[in-house]
Amino acid sequence: MKSDLHILARTDDDFVNNMDRCIKILQMERKSGRILGGKIRNGFIEFGIPENLVIVGDLHGDVKSLLLILHEIKYEEFLANENNKLIFLGDYVDRGANSIEILYYIFYLKCKYPGSVVLMRGNHEAPIEFPFPSHDLPLKSIEHFGKEKGEIIYKKFLSLFQLLTLMTIVRNKLLIVHGGLPTITNKDIHKLILDEGQNSKQKSVLEELLWNDPRPIQNAKNWEVSRRVYGKHFGVEITRRWLEMTGTKAVVRSHEPCQGFKINHENMILTLFSCKESYQKFEASYLHVSGQHLFSIGNASDLIPYVKVLDI
Ligand SMILES: [Mn+2]
């Protein structure tokens, strides 16, 4: 596979420089309130329908999947067009062998094509707020960079993770999150997402965005506690309310391994998962759709023809 990503110099200094540049770009985006074709406020991004859209789900240190996706979309050509968008749904690290390499590649892509690349935050990028056992990034950092440097670099990861996007809206069409939709659906929710602070309501909204899963729920409140350590299972009525509130047609999220993709909640939710290495029984996939096709979608099932399952 020919790709200039393979020939990137990867000294520790290169890595740190790239990460520092990436942090600056993310800070500048937030400060300016603008991202190419749209607006940004804290962890929330909204833009119009791009010329072409690619969405990549959980990677969990699986470099082979990432490079194959970048190869298939002809990423240099794709990203050179500033009207195209490439969105990563988060969970870059843990479980797989190459978390550090994945971070290197996504930092590189964000630095080189800042207006076209959106980096979202997964639950594996939120360790301080929600510590959990399968988080091997601290260990991987020390293995890769040595103890002293590794600990410093890991701290820097944490500050970068705080700048990742929590919710992306493709106007009139897609509502994009890593895990799921918060169970609070009153008017305050926008404020809670936009002004990510540290009060308990804001923290629980962050937790739900990163950890929630869609399920069939029978009870009146339309959610139940999650089988995971954090987050909730949310029901179809919560999804319906969110689509109404945001004026969108479909939710796209990741967070659960599946056979390439799955549809939940009466054709309102598409789940994509892009990691194969640590999930051999499942298939990896990504979404690649033109703006023209995106324009005509009415629900999540309409996106299925544009889901590409990886042949690995
Ligand atoms: Mn996840």
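**Exercise 1.** Determine which residue of S15 stands opposite Val 54, and then place strand S4 among its neighbours.

*Solution.* In this predicted model, Val 54 stands opposite His 288 in S15. The two strands concerned, S4 and S15 (residues 285-290), run antiparallel and are joined by five bridges. Turning to strand S5 (residues 84-88), we find that S4 pairs with S5 in the parallel sense, again over five bridges, and that Leu 53 stands opposite Lys 85 in S5. Finally, four of the five residues of S4 (residues 52-56) are buried, so this strand is largely enclosed by the rest of the structure.

**Exercise 2.** Identify the protein donors of the manganese ion, and say where Asn 123 and His 255 lie in the chain.

*Solution.* The donors are Asp 91 (OD), Asn 123 (OD1), His 178 (NE2) and His 255 (ND1), which lie 2.1 to 2.3 Å from the ion. Within this set, Asn 123 belongs to the loop between strand S6 (117-119) and helix H5 (137-145), whereas His 255 belongs to the loop between strand S12 (250-253) and strand S13 (261-264), so that the pair links distant parts of the chain, 132 residues apart. Both Asn 123 and His 255 are buried.

**Exercise 3.** Work out which parts of the chain the salt bridge between Glu 29 and Lys 110 ties together, and whether its two residues are buried or exposed.

*Solution.* The closest N and O atoms of Glu 29 and Lys 110 are 2.5 Å apart. Because Glu 29 lies in helix H1 (residues 12-32) and Lys 110 in helix H4 (residues 99-112), the pair ties together parts that are 81 residues apart in sequence. Glu 29 counts as buried at 9% relative accessibility, and Lys 110 counts as buried at 1%.

Key: Residues numbered from 1 in each chain as written. Predicted model: local features only at pLDDT ≥ 70, side-chain atom pairs only at ≥ 80, totals over all residues. Heavy atoms only, no water. Buried < 20%, exposed > 50% of the residue type's maximum accessible area, 1.4 Å probe, protein only. Pairing = 2+ DSSP bridges. Donors = N, O, S within 2.8 Å, 3.2 Å for Na, K, Ca; no water. Salt bridge = Lys/Arg side-chain N within 4 Å of Asp/Glu carboxyl O.
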